[in-house]
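Q: I'm new to reading protein models and would love a close look at one part. Could you walk me through it slowly?

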Amino acid sequence: MFWTNFKRISRTGFMNFWRNGTVSLASVFMMIVTLLVIGFIIFGSAILNTSLNALRQKVDITVTFIPTASEGDITNIKRSLENLPEVSLVTYTSRSQALEDFKKRHENDQSILTALNELNENPLGASLDVKAKDPSQYQSIAQFLEGNNALSASGVTIIDHVNYYQNKVAIDKLTGIIRSADKLGLAIAIAFILLSILIAFNTIRLTIYIAREEISVMRLVGASTAYIQGPFVTVGIIYGLVATVLALILFLPITYWIGNVTQDFFIGMNLFSYYLHNFLQIAAILLGSGIIIGAISSFWAIRRYLKV
Amino acid sequence: MIFFDRVSKVYPDGSVALQNVTLTIEPKEFVSIVGQSGAGKTTLLKMLLAEEIPTDGQVFFESSDVHDLGKNEMNELRRKIGMVFQDYRLISGKTVYENIAFTMEAAGKTDEEIEQDVPHVLELVDLSSKIWNFPKELSGGEKQRVAIARALVNQPDVLVADEPTGNLDPVNTYDIVQILKRINDIGTTVILTTHNKGIIDSLGKRVIVMEKGKIIRDDKQGKYFI
């Protein structure tokens, strides 16, 4: 009996979807809007994450050593920095490399190069570029360097300066922006998703309101709740399925068009290639959302008319 | 078979639909209920199907209090009572065949039974030619015949017809009454509410007269009298 009922409910659901063409079209259209909103939120968060990661990559602190510091002492500090859980990468720049970089940077400034030549020896110290896993962790790294950890074997500090304090304001500001962007993004996403689900729910509720008389007749001829609800829930699922397919197709030209703009604007991220690379995950999210919204909306909307 | 035991219905706004109604209907009876609009005829029928809950009193079908039934038992009860309404209440998105088949599907009948019984019951109401039409393609009389076929297809113990001829012309009215009589002749209890004097007088069956929510007459072989 279960399979017979399942077959009958599915067949009726498909038939109702097909026969109520205009109503189905309106519901699918509203569902597409909902799924587009969800899709844009996925893209928006991807853009935000990529941009923030790129910004995070650009932040680091540089520890410059005094010219007399030995390479062994510097290597020791490098090793202890690498052992810190907050640190993701430490890059060593030797004195000669620092000189070369300096010359390259000022190759058009003849007076500086002449002054440098007159010194006879390399005035620049070696340095370590430290990248933290999170911008908020630079403070503790800087504190670590200020402590006894940066002393040479003879007990004298070999660090000339740490540029964290020069960059502190910028780093703090960036940390704040990243945190607020994460929170705000989430709040906006939840608000938009709720709003669009509400619109889809109301559209489906309206289609069921139209059928309320028929639902009460079904009740009066002795049909069970599941047997009445089934076809409506099936139609809701079909709305979700059709809307997902259409939304996925619509995203192709949309992301292609926006892709070029985002590539210039958001640190090299192309939305179109992001969409293609993550197509299966996005399709699964939209399909799941569409089916769940469709089924649950129908399920809830019909309940009040079943009280006969 | 059906017993209304001192049933009253008062709506929250204070209006009284039924007042202390006691009534027994025996198996195979043909009972007509007459009365002006608002006399309580439809409310009485709704009580039997548990569409309305009484403020006071009980309604029994066979030995069960219909307002004490669980969901499944309620569905079972409703399958034993075929219902015909003045406004037909067909499902507009389904064909004539599907409208009738739905009732059988709801009762758990097999596809074979449905394929066999639907054309048969449509023959009984003389509507075989419209089997694949939608309700909007039918006349009022044809719609009411579909409604009767739907009510009959599960071979109910009782057929309840709430002003089934209210929207029909005299010819269609006559046809519908003849169908109801045939149904009663084969052993189904029929409860009919109507305003039509001609129908009541021609039937020569039991007539119950209602006024302001009360039964004021109950004649075994009555005439239309208000």
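Which residue forms a salt bridge with B:Lys130, and how far apart are the closest N and O atoms?

A: Happy to help! This is a predicted model, where local features need pLDDT of at least 70, side-chain atom pairs count only at pLDDT 80 or more, and totals for chains, interfaces and linings use all residues. Residues are numbered from 1 along each chain as its sequence is written, chains are lettered from A and ligands numbered from 1 in the order in which they are written, and side-chain values use heavy atoms, leaving out hydrogens and water.

The partner of B:Lys130 is B:Glu142, with the closest N and O atoms 3.4 Å apart. A salt bridge here is a side-chain nitrogen of Lys or Arg within 4 Å of a carboxyl oxygen of Asp or Glu. B:Lys130 sits in the loop between helix 4 (111–124) and helix 5 (140–152) of chain B, while B:Glu142 belongs to helix 5, so the pair ties together parts that are 12 residues apart in sequence. Helices (H or I, at least four residues) and strands (E, at least two) are DSSP runs, numbered from the N terminus.

Now for accessibility: buried means under 20% relative accessible area, exposed over 50%, and partly exposed in between (1.4 Å probe, protein chains only). With 23%, B:Lys130 is partly exposed, whereas B:Glu142 is buried at 18%.

Another bridge joins B:Asp218 and B:Arg206 (2.8 Å, N to O). B:Asp218 lies in strand 10 (residues 214–219) and B:Arg206 in strand 9 (residues 206–211) of chain B, so this pair also ties together parts 12 residues apart in sequence. B:Arg206 is buried, at 6%.
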